[in-house]
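Student: I would like to take a close look at a single part of this structure. Could you guide me through it slowly?

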Amino acid sequence: MRSKRNNINKCGIESAASSFQSADSYGVFGSACSDFSECEEGEERHKGSYKYNQIPSLSTSIASFQSVMERETAPLLLSPSYMPGYKSTRFTSSDTLGPGELSDRDIIETYKRTHVKPDKENKKKQSSLVTIFSIWNTIMGSSLLTMAWGVERAGLPAALTLVALMAALCLFTAYLLIRVNAYHGGDTFEVPSLCRLLLGPRAEAVAHAFSLLVLTGANVVYWILITNFLYYTVNYFIEEPPVNATSHNSSVLLCPKHELIPGSSREAHDPSPFWGLHTTVPFYVAVLVFPLLNFRNVTFFTKFNSLGTLSVLYLLIFVLVKGASWGINLNMPLGPRGGTDAAVLSGMLALSFYIHNIIITIMSNNERQDRNGRDLTIAFLLVTITYTVVGAVFYVCFPLAKSCIEDNILNNFEMHDVMTVVARALLLFQVITVYPLVVYMLRTEAILLLPLKDSGKVTILINLLLISVSILVACLCPNVGTIIRYTGAISGLVHVFTLPSLLYMRSLQLRGELTFFKGLFYSAIIVFGVFNLGMQFFIS
């Protein structure tokens, strides 16, 4: 009887141990747990410790980290036939836009991914066509308004070369992130979590800090655009068409810089001392927008994401229609600096082609994971064609001096032009509905990085600080192109060039595949980012 009881106790202990081991491994290997989000509840019990397991599978094994407060201590590098596997825990990344293209879809998708509770039901995968269109629609944004100005600053031949070069480089670094995530991450990983896993907590802090910088830049750019669209939309109803506008083929054009039009006034006069584009309207925007910034739940604004696609398509049609009415005008003078500031365009493009903050999420939903590289390439090709068409067509067909092209091409049109009125009204409503999301994510990021507690007073204080900075810039330096190129060059150095290269070199090192020439190649990408930033300070 004693022997029988000992056997029973032994079996119970072994069964309990087996059950405990099964519970530990379920997060990664359970058949009902193909996605990290489905394992969240089972893994919450084991936070604070690592379980390092060797799994004889190269294609299905992934590496993740257990806690945002602990650093990995187990070695990752194994023999070529083994890949390390870690017990997974859902990591809620507060990754924000990064130096994202300032498109409304990018902002809305990032908000949904980081601040909306995910659906734990089985996720439906999307086809390659949907994936390609999603990437194209996400990248497109406010840079469409400044692309022709960038072409004018760089010159047409240099602009075409730069657009192709930057598109290829941004495509390559985005693909590097997908590859790093395939080796070491998972569906719930983003760039900051990969940085913490492979490069340490300081790299994660850098990623978050520059995300905060980009959101601040986006906040300022949107404020300037709202001010501009509101000013000219109201003026449409209170002003008569000016008599000194230059008419060409039934399209009324303006040269606000007044560089090459003899006899024109140096400044455009505001209709009233109480209604000035760079004096009073930025303050009126504060009255209009500030109540929207204090909503506790801003999910309502995500319902207007379809306006992003509509705006992009309308701007594309707008440029093609205007270009067709003008014809080709390559014999117009370039102006004193036209074609000499290629770095202006390269700084802008570092922001215009950015999708690195959300590319892992988009591609993880692709139905055919083996076609990720192909689909990403096709999407970037479509983006490149769109930017080239908008920038080059407007530049080639613009009938005035090329130096008259504004960093917001709508400023080249008289406010009573019908297509321009529609464009401004559409973009005004779109930007107003997206702006609260930008502020909400910026405020959340700031509270996470700074020793602040989320409260009503902190919310109002941060909102007032952001509004004050935006009003100051809108009054003193309302140049959208300048803000975009500096933001793109500074944050692009970190998010587009440096972090993807460092992450992939670290991944190669852990897998024993890093060579001298590979390290030299990826280091050259970082050097290019440094050079791109440095050149921004030598532009007149």
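Student: Does C404 count as buried or exposed, and at what relative accessibility?

Tutor: Keep in mind as we go that this is a predicted model. C404 counts as buried, because its relative accessibility is 1% and the cut-off for buried is under 20%. This cysteine has a partner, for C404 and C255 form a disulfide in which the two sulfur atoms lie 2.0 Å apart, and the structure holds one disulfide. The pair links distant parts of the chain, since 149 residues separate the two cysteines. On one side, C255 sits in the loop between β4 (251–253) and α9 (281–293), while on the other side C404 sits in the loop between α13 (372–397) and α14 (418–449). If you turn to the bond itself, the torsion about the S-S bond of C255 and C404 is about -85 degrees, and therefore the disulfide is left-handed. The partner can be judged by the cut-off we have just used: C255 has a relative accessible area of 5%, so C255 is buried as well. Two further cysteines can be read with the same reasoning. C195 has a relative accessibility of 0% and so counts as buried, and C397, at 9% relative accessibility, therefore counts as buried too. To put the disulfide together again, C255 and C404 are joined through sulfur atoms 2.0 Å apart, with C255 buried at 5% and C404 buried at 1%.

Conventions. Residues are numbered from 1 along each chain as its sequence is written. This is a predicted model: local features need pLDDT of at least 70, side-chain atom pairs count only at pLDDT 80 or more; totals for chains, interfaces and linings use all residues. Side-chain values use heavy atoms; hydrogens and water are left out. A disulfide is a pair of cysteine sulfur atoms within 2.5 Å. Helices (H or I, at least four residues) and strands (E, at least two) are DSSP runs, numbered from the N terminus. Buried means under 20% relative accessible area, exposed over 50%, partly exposed in between (1.4 Å probe, protein chains only).
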